[in-house]
Each structure stands twice: as C-alpha cells, then as structure tokens.
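Thanks, everyone. Let me walk you through a structure that is new to most of us. Please have a look at the screen.

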Amino acid sequence: MNAVNASGWRPEMGEGSVESGIVTTTGNRGLQLEEALIFEIGSLAHCGVDFDEGDGEVLDGLPLRAAPVDLPGLSEPETVRHYTRLSRQNYAIDLGLFPLGSCTMKHNPRLDEKIARMPGFADVHPLQPVQTVQGALKVIDELAQWLITLTGMHGVAMTPKAGAHGELCGLLCIRAALEARGDPRAVILVPESAHGTNPATAAFAGYRVENIPATADGRVDLAALTARLGPDVAGVMITNPNTCGLFERDMKAIADAVHAAGGFVYCDGANFNAIVGRVRPGDLGVDAMHINLHKTFSTPHGGGGPGSGPVVLSEALAPFAPLPFTARQADGSIHLIEEENAGEDHPNSFGRMSAFHGQMGMFTRALAYILSHGADGLRQVSGDAVLNANYLLRSLEDVLDAPFGAAGPCMHEALFSDAGFAKGFSTLDLAKGLIDEGFHPMTVYFPLVVHGAMLVEPTETESKAGLDQFIAAMRSLAERARAGDPLLKSAPHLAPRRRLDETLAARKPKLVWPKLV
Amino acid sequence: MSRYFTKDHEWIDVDGTAATVGVTDYAQSQLGDITFIELPAEGAVLGKGDSVSVVDSVKAASDVYAPVSGTVTAANGALVDQPELVNSDADGDGWLWKMDLSDAGELDGLMDEAAYKDFVGGL
C-alpha cells in the first residue's frame, strides 16, 4: 500500500501515459472513469421502480403540482454505477494517509465495525422498553465509566452528537451552574490557540467572546489571561493540546486562576488522542471537556458524521448535565434517568441536548476500541500519535518553516508555515501538489496565528514506510515551492479535475441544476 | 484630508468629522481573493475597536474593526455584487463604509502612512 509497485507496468514506462497525448472518445482514462451529472444521464422518461397506477382518487384540498418535477429517472444499475463511479474519484482513509490536522482521520478498526453491526446494537429502537435493551444500555453505561476514568472527571453527558454540540453542552452546564448560584456572567475568554468552533459556541450560548493572545511559542498568554479575569468572566475555553499541536503547560495555573475568580474551565478535548492514558484533564482543574469519539476512539469520520461528543464534567457541573443518562441499579440492571423519574435526585439538569440517548453506533464502536486496546493499548495510541507527528516535524523542518519547532516536541500534529516559499507561491500550491502525489492535503490556513499554516496530523496507525513516502512527497513539494516551479502553481495536473476556480465558486455559486430553477 | 492607519490594517480618510474607512492593500494581499463582505447598517453607532464588518476570502473570514468611534453614514453598496473591488482597489473604490466621527481625539493613537509602512515592513 505504501511503496510504489516496482515490479508491475507503470504508465510512464511507455505508450498510454497521461503525457502521451492520447485522447479517448469517452473521456475515460484507462479504468479511471469520467462521470456525468445525474441530471445529464437521467431523464423523466426512465424510472427504476414499477409504481402502482393508484386508484386515481385525489383528496380534497391537496395542493397539486402544475407540472412534473424534472427529476432524473434511472434504472437501478445506472444508479449504482453512477454513485460507485463518483466514489472512485473520492479519497478516503481506507486508501491512504489522510493528514488532515485539527480533524483526526485515522483507521477505523474492522472489529469495531463488526460489533456495531450486531443486531442487538444496530436494530434496537430508542423507544423500546428498557428491559428489552439492557445490553445496549450497558454499552452506554460502561463507555461512560471508561470516559470518566480516563479523564479523571466526576460525570459525563453522553447525548451530545458532535464536538461542537458537546461544547454547547459544556457551556450550558456552566451557565446553569452560574445561574443556580445567582451569579450570571457575560464573558467567555477564548485564546488564539483554541479551535475555531470555541468562540462560535460561546456566542451561540449567549456569551460575549473576548480573545486572549498567544505567546511567541504558541501557547496561551497566562499573564494576559489572568489580568482579564474578573466577576464578569463566566469561564475560559482552552483547547489542549492546542491547535498549534502544543500542550498547554500552564493548564493547572490557568484553571486555578479562573476558579479563584469564580469562573469555570472548558477544555476542548478534540485533541485528547494525543494525551489519552497519560494525562487526566480532571487533574488539571478542567470543569467540562468534550471528547470527539471519532478522533480519540476511532469511530468513523467524514462526510460530516455521524459524530458523537460526550462531555465529561467536574463535580461542580455534573448536577446540571442534560437528560437522559444511565444509572446502574443495585441488581446490576441499567435504568434510564429521564424527566419523569429525575425527581429529587437530579432536579438541576438544564434540559435535553437530543431526543434520545445519543449516537448508539458510535458508542458501540468506541467501547469496542477501548476494550480491544485496553489501558496499555490506549497509552500506546497517544504515544505513537505523538511519535509519528514528531518524526514528521523533524524530517521536514529543514525544508519547511516550523514556527514552533524550536519550542520542543509537538503533540499529535505538526505545524508549518509558508516562510521561505518563492515569491507568488503559497500554501495552497503545495496542498494542490499533494493531490498529484496521491495524498489528501493537510489542513491549510489554520490556525490563523501562523502565516500560510499547514497543520499535519499523521495519526498513530501510519507505518514508518507510509510516513517516509509522505515525507518524500512533502520534501519534493517544499523544494519546488522554494524554487518557484511554475508547474506547481497550476497543480493538480493528474487529478480528475485541474485546479478549480474557488473564488468564482464562492462569489457566484451555482447551487441548483438550471432546469430545476 | 488626511489618511491614518491601524495595526489591524484598516485605513481611515478624515475630512473634518466625515471619514471613510477601508482595509489596506497589504490586508487584501494577505487575505487573497475576497468573496463576500458583510457591511454595517447606516446609522449604526460604532465604538473604537468594535467589530464592524466581516471580509470573507478564499482563505479566511476576517473582522474589520472601527478605527475610531462614530456613526455610520453610508456603506459601499457596490461591494455586494463586486467584492473583488477590495482586491483591485483597496485604497479607493474598495472602501467599506463612511462615518461621522464622535471623537476626533481618537485619531491621535493611529499611524500615518510612513509609520504604517514601517509597521508592515516589520511583519
């Protein structure tokens, strides 16, 4: 998978290469298939389903269409081929390294997939009586216990459906706790090294957001943060490890200062995969932290979900956790705490984050991941993730500027800037060149504290051979960017499409097939 | 009329209490192709340092701050259809809003063209 096949025929060996100028009548290139839009291949005259004519009766008052909707009709094999062809133009974690720093894309173990598909987990309904879904509830409860143990916290809200949803859950807990003590506050502090969703979440939760600057070595400016604390500050949102790929060493001092000023500490735990099994956020004074199950516990990610963002909570915030949650009875059975039975034991819950228990399919996968790795395996996960990122950092820092490289080791991701590129050459050019080399580009232009940022996260599951191939590609691209190779400026050359006009697409987007307007 | 600059890369032309605000050519060169600009409403009251407008580019969304306090008297409607004016003429046709100053004394804290040039040179 990682090395070039040295024994087989390759296009550049002769006739049929992309550079040979051969033009095919179909537009296909070998078995790389071109595919038209579904509107171009389907037509109203076709239908893949044999519908009943119906009895022709139209109920009174129903609005009727004046004209047929021009939706494409296709047969089943045409439909299957259409989407399969499109999927072959996609890039996926199952095809190769996906260095998307700030949004971990790592291998999803097949064991977890197998277990998540077992009918007892996959085919249950959230409205089933609890006696009939004890196994599924036990998975939720056991995963909750693991998350509490791994983070050293007091409780956990399992229902948030994604990282940002978890952030909102944490801030609503903070709001509820402040209101319960009659001390509503208006401001949330967010350092520059935090994830971009943090200020958005704070604003959404009704807080005013104030930025805290970063120090020259890419960490929170403790003095600036302490100076800003006061009776109007509800809390601080810190990403740790932060989005420069660095551990916030002053976390405990920050938390102590915030607590002394009556505020709460929210930790964005998206990067928990770098410290799992080694650091317990509860020991650092964190009051609330979401865990992206897809990052640390390797549930599938991509295409926008399905996400899952359980929030671990300190003793001060746990009473305000949203419903429902699981509770273990004396006889070992699992009970669901909901509005009807929250009663006197849990009167302070701020409400619900989602209709039901949370993202069951992700819970099953995450627990399978945890149990199959064990405590020692999880510790190795974070160790290998950090080792791989540092191997990348040190293998590239002589050709790519690493602004915080001198500050010591990075965590699970390595940050580079565009300093040293030839005039007119940018991070975008290098990222597009990476597509020609057969890799999905890394996160670009984020974090904002670095000019032309490139944030690279190899993840713990990549082998040394795989990393070496990526490093070789990156080194060659970095040298081309420094030398000002004009071919890099127009990359990608070998992808199904050349460089797209992103500006035009953003300024004048066409979002609807013209015939449907 | 005199032009002042901020560390956040805004410029402000001042004529009496009437002023025009835009982002600098350096700012547009760093942002890349601009795709959308959120403009303030006429009559909006601005405090110095308030986030007034958002400039979206292919790279990032960036806030534009009020260099001084005052009231918005007009916004550059041409940017709604032609946000690229900020790329092609940041110092002129790409202006963002006009305002009436409430405290001309606040201009003292801003840079003149030479000082801004030095500031950008040091970045």
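I'll start with one pair of residues. A327(A) has H335(A) as its bridge partner, and H335(A) sits in β9(A). One point before I go on: this is a predicted model.

Now the strands around that pair. β8, residues 325-328 of chain A, pairs with β9, residues 334-337 of chain A. The pairing is antiparallel and has four bridges. Together β8(A) and β9(A) make a hairpin, with five residues between them. Look at G332(A) in the turn: its phi is positive, about 95 degrees.

Next, the sheet. How many strands form it, and in what order? Seven, in chain A, running β1-β7-β6-β5-β4-β2-β3. The sheet is open, and the pairing is mixed. At the edges are β1 (155-157) and β3 (208-212) of chain A, each paired on one side only. On average, neighbouring strands are turned by 25 degrees against each other, ignoring direction.

Let's zoom in on one pairing there. β2, residues 187-191 of chain A, runs parallel to β4, residues 233-239 of chain A. Three bridges join β2 and β4 of chain A. Within this region, L189(A) stands opposite V236(A), which belongs to β4(A).

Which helices should you look for here? Take α7 of chain A, residues 197-204: this helix packs on the sheet. α7 touches β2, β3, β4 and β5 (264-268) of chain A, and makes about 175 degrees with the direction of β2(A). Then there is α5 of chain A, residues 134-151, which lies across β1, β6 (288-290) and β7 (311-313) of chain A. α5 runs at about 125 degrees to β1(A).

Step back to the domains. The assignment splits chain A into domain 1 (41-49 + 70-90), domain 2 (111-367) and domain 3 (377-506). The C-alpha centres of domains 2 and 3 of chain A are 31 Å apart. Where these two domains of chain A meet, 19 residues of domain 2 contact 18 residues of domain 3. The domain 2 side has eight nonpolar, eight polar and three charged residues.

One more helix: α2 of chain A, residues 76-88. Is α2(A) well covered or hardly covered? Hardly: among its 13 residues, the count of buried ones is zero. From first C-alpha to last, α2(A) reaches 18 Å, close to the 18 Å expected.

Last, the second chain. Six residues of chain A contact six residues of chain B. On the chain A side, three are nonpolar, one is polar and two are charged.

Methods: Residues numbered from 1 in each chain as written. Chains lettered and ligands numbered in written order. Predicted model: local features only at pLDDT ≥ 70, side-chain atom pairs only at ≥ 80, totals over all residues. Domains from an automatic or database assignment. Contact = placed C-beta atoms within 7 Å. Nonpolar A, V, L, I, M, F, W, Y, C, P; charged D, E, K, R; others polar. Pairing = 2+ DSSP bridges. Helix = DSSP H or I, 4+ residues; strand = E, 2+ residues; numbered from the N terminus. Axes fitted to C-alpha atoms, helices over the stretch in contact; angles between N-to-C directions. Expected span 1.5 Å × (residues − 1). Buried ≥ 20, exposed ≤ 12 C-beta atoms within 10 Å, placed from the backbone.
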